[in-house]
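Thank you for sending this one over for a second look. My notes are below, set out as numbered points so that each can be taken up separately.

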Amino acid sequence: MDIEVYKTDVRTKEQARYIVALLQFVISDCIMNFDTEGCDTVLRIETNRDIKEMVYGVFNKQGYYCQKL
């Protein structure tokens with residue numbers, strides 16, 4: 001498994017839970033969590049395949065920014 005890390009503009013735990021629920025619907029075979037502490041909100045996803053475009057798609061459709069680090 002690889003860990004992909006994304007910097008996002010998600011600010012609240014409620015927003016983070018909503019995005020994770022949407023991502024799990026689209027990418028059900030991954031383990032994901034948000035770190036909402038600190039100045040940057042970071043999403044970490046454990047995966048064994050390329051999911052970057054799917055992640056970007058979910059964020060963009062919901063009006064959020066994300067950048068793979």
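The points go from the whole chain to single residues.

1. Origin and layout. The model is a predicted one, and the remarks that follow should be read with that in mind. The protein chain has four strands and two helices, and these elements follow one another along the sequence in the pattern β-α-β-β-α-β. The radius of gyration is 11 Å, close to the 11 Å given by the globule rule for 69 residues, so the chain is as compact as a globular protein of that length. Taken along the principal axes, the box filled by the C-alpha atoms is roughly 30 × 20 × 15 Å.

2. Burial, surface and charge. Of the 69 residues in the protein chain, 36% count as buried. The accessible surface comes to about 4400 Å², and carbon and sulfur atoms account for 50% of that area. The chain carries 9 positive and 11 negative charges, and the mean positions of the two sets are 3 Å apart.

3. Sequence separation of the contacts. If one takes the contacts between residues at least 6 apart in sequence, 62% of them join residues at least 24 apart. Several of the residues discussed below give individual examples, among them cysteine 66 and lysine 7, which are 59 residues apart along the chain while their C-alpha atoms are separated by 5.4 Å.

4. Glutamate 4. Is this acidic residue of strand S1, which spans residues 2-8, buried or exposed? Glutamate 4 has a relative accessibility of 7%, and it therefore counts as buried, the cut-off being under 20%. Its side chain makes a polar contact of 2.4 Å with the side chain of tyrosine 6. With neighbours within four places in sequence left aside, the contacts of glutamate 4 include Arg44, Arg49, Lys52 and Lys68 as well as Leu43, Ile45 and Ile51.

5. Threonine 8. This residue also belongs to strand S1, and its relative accessible area of 3% places it among the buried residues. A polar atom of the threonine 8 side chain lies 3.3 Å from the backbone nitrogen of valine 10. Beyond four places in sequence, threonine 8 touches Phe34, Thr41, Leu43, Phe59, Tyr65 and Cys66.

6. Glutamine 15. Which backbone atom lies 2.8 Å from a polar atom of the side chain of glutamine 15? It is the backbone nitrogen of arginine 11, while glutamine 15 itself sits in helix H1, residues 13-26. At 25% relative accessibility glutamine 15 counts as partly exposed, and, neighbours within four places aside, it is in contact with Val10 and Tyr64. The C-alpha atoms of glutamine 15 and asparagine 60 are separated by 14 Å, with their positions 45 residues apart along the chain.

7. Cysteine 30 and glutamate 46. Cysteine 30 is placed in the loop between H1 and strand S2 (31-35), and with a relative accessible area of 7% it is buried. Outside its neighbours within four places, cysteine 30 is in contact with Ile45, Glu46, Thr47 and Ile51, whereas its C-alpha atom is 15 Å from that of tyrosine 56, a residue 26 places away in sequence. Glutamate 46 lies in strand S3, residues 41-47, and its relative accessibility of 31% makes it partly exposed. Besides Cys30, glutamate 46 touches Met1, Asp2, Ile3 and Ile31, with residues up to four places away not counted. Its C-alpha atom is separated by 4.5 Å from that of isoleucine 3, although the two residues are 43 apart along the chain.

8. Cysteine 66. Where is this second cysteine of the note found? Cysteine 66 is in strand S4, residues 66-68, and at 9% relative accessibility it counts as buried. Not counting residues up to four places away, cysteine 66 touches Tyr6, Lys7 and Thr8, together with Val55, Tyr56 and Phe59. The contact with threonine 8 appears in the list for that residue as well, where Cys66 is named alongside Phe59.

Conventions. Residues are numbered from 1 along each chain as its sequence is written. This is a predicted model: local features need pLDDT of at least 70, side-chain atom pairs count only at pLDDT 80 or more; totals for chains, interfaces and linings use all residues. Side-chain values use heavy atoms; hydrogens and water are left out. The radius of gyration is taken over C-alpha atoms; the globule rule is 2.2 Å times the number of residues to the power 0.38. Buried means under 20% relative accessible area, exposed over 50%, partly exposed in between (1.4 Å probe, protein chains only). Contact means heavy atoms within 4.5 Å. Accessible areas come from the Shrake-Rupley method with a 1.4 Å probe; for residues, only the protein chains shown count as cover. Lys and Arg count as positive and Asp and Glu as negative; His and the chain ends are not counted. The place of a charge is taken as NZ of Lys, CZ of Arg, CG of Asp or CD of Glu. A polar contact is a pair of N or O atoms within 3.5 Å; within protein, one must be able to donate a hydrogen and the other to accept it, and residues adjacent in sequence count only if both atoms are side-chain atoms.
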